[in-house]
Amino acid sequence: MKTTGQWHIARDAAELYERIVVPHILGPWAPSLVDAARLTGGERVLDLACGTGVVARIAAQRVGPAGRVTGVDLNSGMLSVAQSLPPVPGTPIEWREGSALAIPLPDASVDVVLCQQGLQFFPDKPLALREMRRVLDRGGRLALSVWSSTGIYNTVVGEALARFASEEIASLFCASRRVPAKVELERLAVGAEFADVDVRVGRMNIHLPSVDRFVLEHLAGTPVAASVAALGDAARANIGAHVQREMRRFGDGDGVTYPEESHIVTARVGSKLEN
């Protein structure tokens, strides 16, 4: 999914990621990111850091049979799961292994670049933005998202890991939430010579079922999976109990529902005069 080793996961963890993380944490946001790109039939779309492909699959349906969608990710485990999922209506999706710092596509070969929660992992963010612009054709559009903060649930899970595992494991889990602020997002996009840069905050209520059990399944689909599995039953039970207790104020009967925020960045490739 990401371009650094910190979120490289094996095939079995990628399967859990698709089963747990996608439907509950990332999937609810995917349609709004695709909406922000205003896709039309026949367009060529790149889903960068595509993971198991939730955004790419929505894009494929939006652009239809005449369009083209490519999912690029550095993590072969994620791509393997993406390729194994049933096809969706619309255009077939091409899955390619590659880095955001050297996107394996020609110059000016796509109309839209989508990137859901990937930018924070790229070790050279200015280069990644320049690469996104490079592959966009004239008038092409960018829509990407990054979390606006660590968030309620991830903060609680990080606290539990720090208490019952280690600070190192907690830091690795929370890596996905170490994100550029709004001003930095604007600077990066403008620095890559995008035009009409807009950064807005999207808000959504996220529902998680049986959070004491959910958190352990969630952790098993992340790079800390092996470390958490090695803790032993008592420590894992303590993690689940801690998260359930701290999230209790968001209880809704069969789980928890809590507010979440994400920055959504949109921009376009302007003319040389604009840039």
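1. Arg38, which comes just after helix α2, takes a positive phi of about 55°; this and everything below is read from a predicted model. The helix that Arg38 follows spans residues 30–37, and its buried residues are Ala30, Leu33, Val34 and Ala37. These residues lie on the same side of α2, because the arc they cover around the axis is only 95°. The cover over the buried residues of α2 includes α1 (11–26), α3, β4, β5 (136–147) and β7 (255–269), so both helices and strands are found in the list of elements that enclose this face.

2. On the chain as a whole, the secondary structure comes to 11 helices and seven strands. The radius of gyration is 19 Å, close to the 19 Å that the globule rule gives for 275 residues, and the chain is therefore as compact as a globular protein of that length. Taken along the principal axes, the box filled by the C-alpha atoms is roughly 60 × 40 × 35 Å. Of the 275 residues in the chain, 52% are buried. When contacts between residues at least 6 apart in sequence are considered, 81% of them join residues at least 24 apart.

3. The pairing of β1 deserves a careful look, since this strand has bridges to both β2 and β4. With β2, strand β1 runs parallel and is joined by five bridges, among them those that give Val45 the partner Val69 and Leu46 the partner Thr70. With β4, strand β1 again pairs in the parallel sense, here over three bridges, and the bridge partner of Asp47 in β4 is Leu114. Four of the five residues of β1 are buried, so the strand is largely enclosed by the rest of the structure.

4. Strand β2 (residues 68–73) can be described in similar terms: five of its six residues are buried, so β2 too is largely enclosed by the rest of the structure. The route into this strand passes from β1 through α3, and that β-α-β crossover is right-handed. Strand β2 also pairs with β3 (residues 93–97), in the parallel sense and over five bridges, and Thr70 has Glu94 as its bridge partner in β3. The chain then crosses from β2 to β3 through helix α4 (residues 76–84), in a β-α-β crossover that is likewise right-handed. Thr70 is thus a residue with a bridge partner in β3, namely Glu94, as well as being the partner of Leu46.

5. Thr52 sits in the loop between β1 (44–48) and α3 (54–63). With a relative accessibility of 1%, Thr52 counts as buried, because the cut-off for that class is under 20%. The side chain of Thr52 is joined to that of Glu18 by a polar contact of 2.5 Å. If residues up to four places away in sequence are not counted, Thr52 touches Ala14, Tyr17, Glu18, Val22, Arg57, Met78, Val81, Ala82, Leu85 and Trp95.

6. Ser80 is found in helix α4, and its relative accessibility of 26% makes it partly exposed. The side chains of Ser80 and Arg11 make a polar contact of 2.3 Å. From Ser80 to Arg57 the separation is 23 residues in sequence and 15 Å in space, taken C-alpha to C-alpha.

7. Asp111 lies in strand β4, which spans residues 110–116. The relative accessibility of Asp111 is 18%, and it counts as buried because the cut-off is under 20%. Neighbours within four places in sequence aside, Asp111 is in contact with Glu43, Arg44, Leu136, Asp137, Gly140 and Arg141.

8. Helix α9 (residues 211–219) has Val211, Phe214, Val215, His218 and Leu219 as buried residues. They cover an arc of only 130° around the axis, which means that they lie on the same side of α9.

Key. Residues are numbered from 1 along each chain as its sequence is written. This is a predicted model: local features need pLDDT of at least 70, side-chain atom pairs count only at pLDDT 80 or more; totals for chains, interfaces and linings use all residues. Side-chain values use heavy atoms; hydrogens and water are left out. Helices (H or I, at least four residues) and strands (E, at least two) are DSSP runs, numbered from the N terminus. Buried means under 20% relative accessible area, exposed over 50%, partly exposed in between (1.4 Å probe, protein chains only). Contact means heavy atoms within 4.5 Å. The arc is that of the directions from the helix axis to the C-beta atoms. A polar contact is a pair of N or O atoms within 3.5 Å; within protein, one must be able to donate a hydrogen and the other to accept it, and residues adjacent in sequence count only if both atoms are side-chain atoms. Two strands pair if DSSP finds at least two bridges between them. A crossover is right-handed if, with the strands pointing away from the viewer, the path from the first strand over the helix to the second runs clockwise. The radius of gyration is taken over C-alpha atoms; the globule rule is 2.2 Å times the number of residues to the power 0.38.
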